[in-house]
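Open the model in your viewer and keep the sequence panel visible. The tour moves from one selection to the next.

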Amino acid sequence: MFKVAALLLLCAADSLETCSGGGSCVESVTSDRILLQTAASPTKIALSEETISTTPEIERKPEEVQSVNMSECQLDDFARPDLCPELCPYAAEMKAEFCHFRCVKKEECGLLGTVENATIPDEKLMVCRHCEVEGCKKCVPATPGAEGEKYETCEVCMPGYSLTEEGECAMDGLGVFIAIGVVSAILTVLIIAWYVSVRNKNRVNPEGVEYGLECREGMRLQPNEGGLYPLSTNMMTTNVAGPGTMAFFRYQGAVIAWASILLVTWLGIVFATSTDLLILGTLSAESPQLLCAVIKWGHHRQMELIWTKVTWLSFAYVFSFLGAIVYGIYTSKMFAEVHSEQPMMPSFVAKLEGLPIFSGKDKVEDKLKACVKLTTGIEPVGVSVAWDYSAKKHEVDSLIEAEIEDAEGGSHVSGEAPEPGCLGKFEETVTNKVLNAWHVHLEPHQHMNAQEIKTMLSNMQSADSAYVVFPSQEARSQAVAAASGGVNVDGTMCKLLPSLYAPEGLFWFNMQVTPALRRGRMATSTLWLVLSCCAWTVLLYIPYAMYMSSFSYANGDEPGEFSEGLFIGLVVGSQFGLFAVSSMGAKKCAYHSEDETQKAYTIFYNSALILNLVMDIGLQTYLSYLQMVGVGAHVADGRLLGSLDSFQEIFESYPIQKSVGNLLYKYCFPCTFLVPFLGEPFGMQLLPLHMGKILIGNDKRIQGGNAEKALELGEMEQGRYADCLFNMILVCCIPFISPAYLAWLFGALIVSHLYIYAYDQWKILRYVRKFNFSGPEVHYLGMQLFAMPCAILAAALVFKANQMSSDADVLGSGYLQGYQVGGACFGAMIVHFVLHLAVLEYFVKPYETASTSGKATYAEAAKTQAATHFSTNPIYCLRSKYLLNHSPPQFPYAPGKEHFMKLNPAIGAGYVSEKKM
């Protein structure tokens with residue numbers, strides 16, 4: 001209905017435009033109304049040969065009315081407007097003249113100068129058509145005049161199909177989808193049964209639910225004055241969680257603004273020239289004569305209006321490139337200003353790299369502090385050393401949890417397990433797996449005693465880095481400058497570099513992983529990603545593509561709703577699968593910070609999605625091409641599609657443009673732009689909260705820290721950059737094909753990202769734990785990767801400009817031909833990519849450090865920021881208590897537990913909580 005209403009508006013506008021030019025208003029309104037009917041319904045259409053190169057006269061065809069003029073049996077007409085007379089009821093295409101048809105008898109199909117292999121009399125369409133056995137590559141039609149029901153048999157089937165004794169093709173991969181469907185149905189029934197069973201139990205632990213919800217409330221982002229940020233907060237200008245969060249929303253806002261300006265510009269061109277641009281490439285036809293008329297009109301009309309696409313692409317490319325540079329400067333200045341005026345912890349910290357290995361028995365913190373002071377002349381507040389505790393991570397995590405539990409008054413598991421429901425052991429097993437995934441441990445566990453902890457800490461070895469905290473921003477800048485030649489630590493020259501990452505985002509358990517070790521992990525992750533794409537394509541997408549290849553995309557033979565639903569499921573499923581593999585691969589690389597991990601994830605995920613897109617769309621397009629060749633599809637100049645011998649000609653032909661355009665449109669919307677995000681708030685936020693309250697309420701043993709874990713908020717990630725980038729890459733591919741999809745896809749992108757923006761704002765302010773994105777690196781990567789959409793626009797501009805230089809009646813006759821076109825497009829992409837990255841690096845990036853260093857002090861910042869490079873380092877917290885004998889020791893940071901921290905300025909513990917314990 002939305003499409004019909006939009007087309008009605010466009011047709012009305014075009015009618016007014018025609019009337020104002022002195023034409024007949026009645027004729028214009030009638031023509032536009034008929035055009036709307038054709039675009040919005042599968043009505044057959046007919047074109048007069050005289051108007052084939054101008055705006056078509058599209059008419060409703062009386063589908064059940066036959067001609068009574070028997071003389072038509074002797075004539076051939078261009079794209080017949082009605083059904084053939086009863087004496088010769090079948091329309092057969094003439095061999096010598098493109099799009100001309102003659103009315104013949106059933107036994108005359110393929111004779112009398114008509115196409116020789118179109119011998120099948122179709123009782124439904126009343127045409128003589130080519131042999132069309134589903135899934136067939138080489139179809140054998142009956143001889144003209146043959147009697148009997150079997151007019152067509154297959155000799156060779158398409159890949160993925162097997163030839164039956166009856167001469168038909170049976171799909172080989174159908175069992176895969178049936179098996180998946182059966183397994184999915186069984187799992188769905190079991191999950192529903194488990195949910196009903198646990199949902200109907202008595203609530204015996206309301207105090208556990210209440211405590212968990214109270215802790216959950218304390219984990220949320222809160223302003224310094226307390227309470228919660230209102231949902232109407234402007235996330236682009238309000239610093240709720242570091243400048244990186246502001247940039248995160250500015251990037252999304254820029255995507256929406258970019259798409260909106262390009263859409264408005266395109267619609268302006270459409271209304272100023274012709275609304276045919278909104279239907280070119282989408283018109284369908286249900287019979288051969290209608291299809292060939294649409295193909296010829298579509299090709300010629302597209303060539304007449306191709307200058308509009310070139311004009312728009314010129315603007316889109318220049319605007320996108322210049323807009324990216326202006327946006328980059330604007331956002332880089334924001335990072336510099338926030339770090340200067342609202343300093344975060346990284347503003348006071350420098351990273352000391354290349355350290356020799358120390359033993360846990362040594363007072364490493366004091367030694368490094370003295371070395372830094374000796375080199376820089378500035379005494380640090382303290383040094384937080386990175387340690388290799390990969391072999392003891394479980395023990396360290398348990399000790400930190402115990403420290404927090406002791407501060408809360410202790411936690412213990414008591415009470416009996418709830419009685420199993422009607423599902424018995426199955427229900428208990430599933431419930432335990434869910435609780436274990438939430439790190440809820442109901443079995444009693446013994447903690448290490450003080451001596452065991454000291455022994456463990458003393459036996460540890462340091463990693464090759466440490467974080468040095470300075471008393472002020474100015475002192476940090478002076479120290480880094482003074483140590484430009486390195487810091488001498490036991491004869492080893494170590495680098496002192498500004499720290500970029502917030503302490504909340506540091507992965508202290510990965511600090512022992514060196515760049516050399518990481519390269520091997522990255523290679524393994526990349527291999528798994530490629531194998532996942534191949535496995536998905538081979539096991540699931542190839543069977544689907546083979547099924548889709550059975551449609552000829554001619555004579556109304558196109559996929560239906562079932563095929564579209566299956567396609568949506570495959571695309572969404574592949575994206576979820578690639579998301580999981582990319583996320584695991586990025587974590588497997590063991591980076592030292594969340595920012596670095598998110599950068600790796602963005603690269604992995606986008607690379608996998610692009611590879612998956614090329615494999616899926618390329619495969620399905622190729623199989624569709626083979627099928628269309630098999631049924632004798634024509635191009636605009638009358639040649640068979642199969643007779644074209646260059647990729648350029650094939651790609652520019654209407655059947656391929658229509659097929660690729662349709663596939664890409666469905667791939668984009670709703671599959672990629674919207675569907676994956678619609679279920680995210682339910683699956684990631686609302687459902688875990690709902691199930692957590694149910695499972696806690698059912699089990700009296702879930703108290704204290706366990707109740708908190710079951711209801712804790714999720715972590716915020718910056719993976720949305722990858723989603724934005726891939727969606728922009730997709731819409732920038734649309735200009736290569738027919739223009740009708742351009743407006744629809746840019747509109748879909750805008751609507752989808754408005755929803756995504758609103759969802760992310762709601763999620764951050766209500767459903768994720770406190771976090772701080774202070775560094776610019778992930779955002780900077782997003783700006784760098786925007787070079788890809790811009791490069792694709794540059795390539796599309798070259799491709800369409802070359803097409804505009806060609807003869808409108810000859811496919812692939814542009815100034816550049818064959819490999820020259822591909823080389824020019826690829827060259828344009830490479831040149832832009834290099835230019836884009838160079839401008840960002842040498843012109844935009846310096847604005848991040850353009851502002852002078854601020855005057856803020858660490859002591860002032862530490863009063864309001866509980867997460868420091870001391871409190872987030874678990875080994876430092878344990879050493880502070882058990883080896884360094886600080887009094888009071890450094891308390892470990894945990895969102896919602898800041899009020900347990902004790903003031904000790906001597907060790908950098910300066911947080912003062914307003915909440916009473």
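The stops below cover a helix pair, the nonpolar cores and an enclosed helix.

This is a predicted model, in which local features need pLDDT of at least 70 and side-chain atom pairs count only at pLDDT 80 or more, while totals for chains, interfaces and linings use all residues. Residues are numbered from 1 along each chain as its sequence is written, and side-chain values use heavy atoms, with hydrogens and water left out.

**Helix pair.** Select residues 306–341 (helix 7) and 819–844 (helix 25), which pack at an angle of about 25 degrees with their axes 10 Å apart. That makes helix 7 roughly parallel to helix 25 (angles under 35 degrees count as such). Now show side chains: Tyr317, Phe321 and Ala324 are among the helix 7 residues in the contact, and His832, Leu835 and His836 among those from helix 25 (contact means heavy atoms within 4.5 Å). The residues of this contact divide into 10 nonpolar, four polar and no charged.

**Cores.** Next select Tyr251, Trp258, Trp312, Phe746 and Ile764, which touch the most other members of the largest nonpolar core, a set of 141 residues. Such a core is made of buried Ala, Val, Leu, Ile, Met, Phe, Trp, Tyr and Cys residues joined through side-chain atoms within 4.5 Å; buried means under 20% relative accessible area, with a 1.4 Å probe and protein chains only. Helix 5 (residues 243–272) gives the largest share, 14 residues. Another core, of 62 residues, lies apart from it and includes Ile378, Trp387, Met511 and Phe870.

**Enclosed helix.** Finally select residues 874–882, helix 27: eight of its nine residues are buried, so helix 27 is largely enclosed by the rest of the structure. Its cover includes helix 8 (364–376) and strand 11 (382–388).

Conventions:
Axes fitted to C-alpha atoms, helices over the stretch in contact; angles between N-to-C directions. Helix = DSSP H or I, 4+ residues; strand = E, 2+ residues; numbered from the N terminus. Parallel < 35°, antiparallel > 145°, perpendicular 65-115°, else oblique. Nonpolar A, V, L, I, M, F, W, Y, C, P; charged D, E, K, R; others polar. Buried < 20%, exposed > 50% of the residue type's maximum accessible area, 1.4 Å probe, protein only.
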